[in-house]
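Biologist: I would like a close look at one part of this model, a single loop residue and what lies around it. Please go step by step and explain each term as you use it.

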Amino acid sequence: MSTPHSHANVVDLTHTITEDMPVYPGTDAPIIEQGTTVAKEGFAEKKLTFFSHVGTHMDAPAHIFEDKKTLDALPASTFTGPACIVDVASLTLITLDVLKQYEDQIAQCDFVIFSSGHEKLWGTEAYFSPFPTLNEEAAKWLTTQDLKGLGIDAISFDTMDVTRLFIHEILLGSGLVLIENLKNLDTITHPIFTFVALPLKILESDGSPIRAIAMLP
């Protein structure tokens with residue numbers, strides 16, 4: 001008996017890892033080397049060298065806290081569930097008033113994804129320019145909403161000029177996972193969709209590159 005094919009519309013939310021991709025200041029760029037080739041060894045393999053928070057990636061609570069969970073210690077169910085998009089494209093600060101406009105959707109979701117439009121600056125210096133970030137009140141409110149995680153199409157949940165990742169501390173300290181450097185969020189018009197963000201299962205991983213997708217009805 002044949003298995004029915006899925007007719008779900010899948011949107012790729014992931015930037016491609018390349019050697020010239022934007023990386024967080026102070027982080028080494030990825031190195032992608034051809035280890036073997038079909039012509040020489042009969043099979044192709046690449047040797048990859050990159051930090052655990054490169055590209056579209058997930059932060060574990062252990063990214064900021066030594067006593068919090070790593071990604072490999074979390075159940076696989078942590079990495080998928082219903083999600084909603086919060087449009088923050090015209091904002092510099094994401095306040096509780098903004099989130100309250102989406103409160104009914106957030107109550108039905110495991111993930112809240114912030115769409116700022118900043119992904120359009122990927123590959124340019126402007127990608128590190130100011131992007132919308134949560135204030136303390138909004139961040140603390142999100143930790144009370146029975147969520148698994150948050151996502152954004154920018155490089156961080158904190159501003160680039162901070163010396164302490166205060167918003168990360170609030171969110172990761174509550175046990176949430178954070179997904180950064182998403183893309184194609186502006187193509188999602190459904191109020192609620194299935195979000196999948198699978199990290200590599202690396203021992204004691206503080207973070208990992210992911211393949212993030214949206215599965216639309």
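Modeller: What follows starts at one residue, moves to its ring partners, and then turns to a pocket and a helix.

First, the ground rules. The model is predicted, so local features need pLDDT of at least 70 and side-chain atom pairs count only at pLDDT 80 or more, while totals for chains, interfaces and linings use all residues. Residues are numbered from 1 along each chain as its sequence is written, and side-chain values use heavy atoms, with hydrogens and water left out.

Start at His 15. His 15 sits in the loop between strand 1 (9-12) and strand 2 (31-36). Strands (E, at least two residues) and helices (H or I, at least four) are DSSP runs, numbered from the N terminus. Is His 15 buried or exposed? His 15 counts as buried because its relative accessibility is 7%. Buried means under 20% relative accessible area, exposed over 50%, and partly exposed in between, with a 1.4 Å probe and protein chains only.

Now its partners. Beyond neighbours within four places in sequence, His 15 is in contact with Thr 56, Glu 119, Trp 122, Asn 181, Leu 182 and Lys 183. Contact means heavy atoms within 4.5 Å. The side chains of His 15 and Trp 122 also make a polar contact, at 3.5 Å. That term covers N or O atoms within 3.5 Å; within protein, one must be able to donate a hydrogen and the other to accept it, and residues adjacent in sequence count only if both atoms are side-chain atoms.

Trp 122 leads on to the rings. Ring pairs link Trp 122, Tyr 127 and Phe 128 into a cluster. Rings of Phe, Tyr and Trp (its six-membered ring) pair if their centres lie within 6.5 Å; planes under 30 degrees apart are stacked, over 60 edge-to-face, the rest tilted. The count is 3 aromatic pairs. One of them joins Trp 122 and Tyr 127 edge-to-face, 5.1 Å centre to centre and 85° between the planes. Tyr 127 is buried, because its relative accessible area is 0%.

Next, the pocket. Among the 19 residues that line the largest pocket, Tyr 24, Thr 27, His 53, His 57 and His 63 lie nearest its centre. A pocket is an open set of points on a 1 Å grid over the protein atoms alone, where a 1.4 Å probe fits, with protein on both sides within 12 Å along at least five of seven lines; lining residues have an atom within 4 Å of a point.

Last, helix 4 (residues 166-173). Its buried residues are Ile 167, His 168, Ile 170, Leu 171 and Leu 172. They pack against strand 4 (57-59), among other elements.
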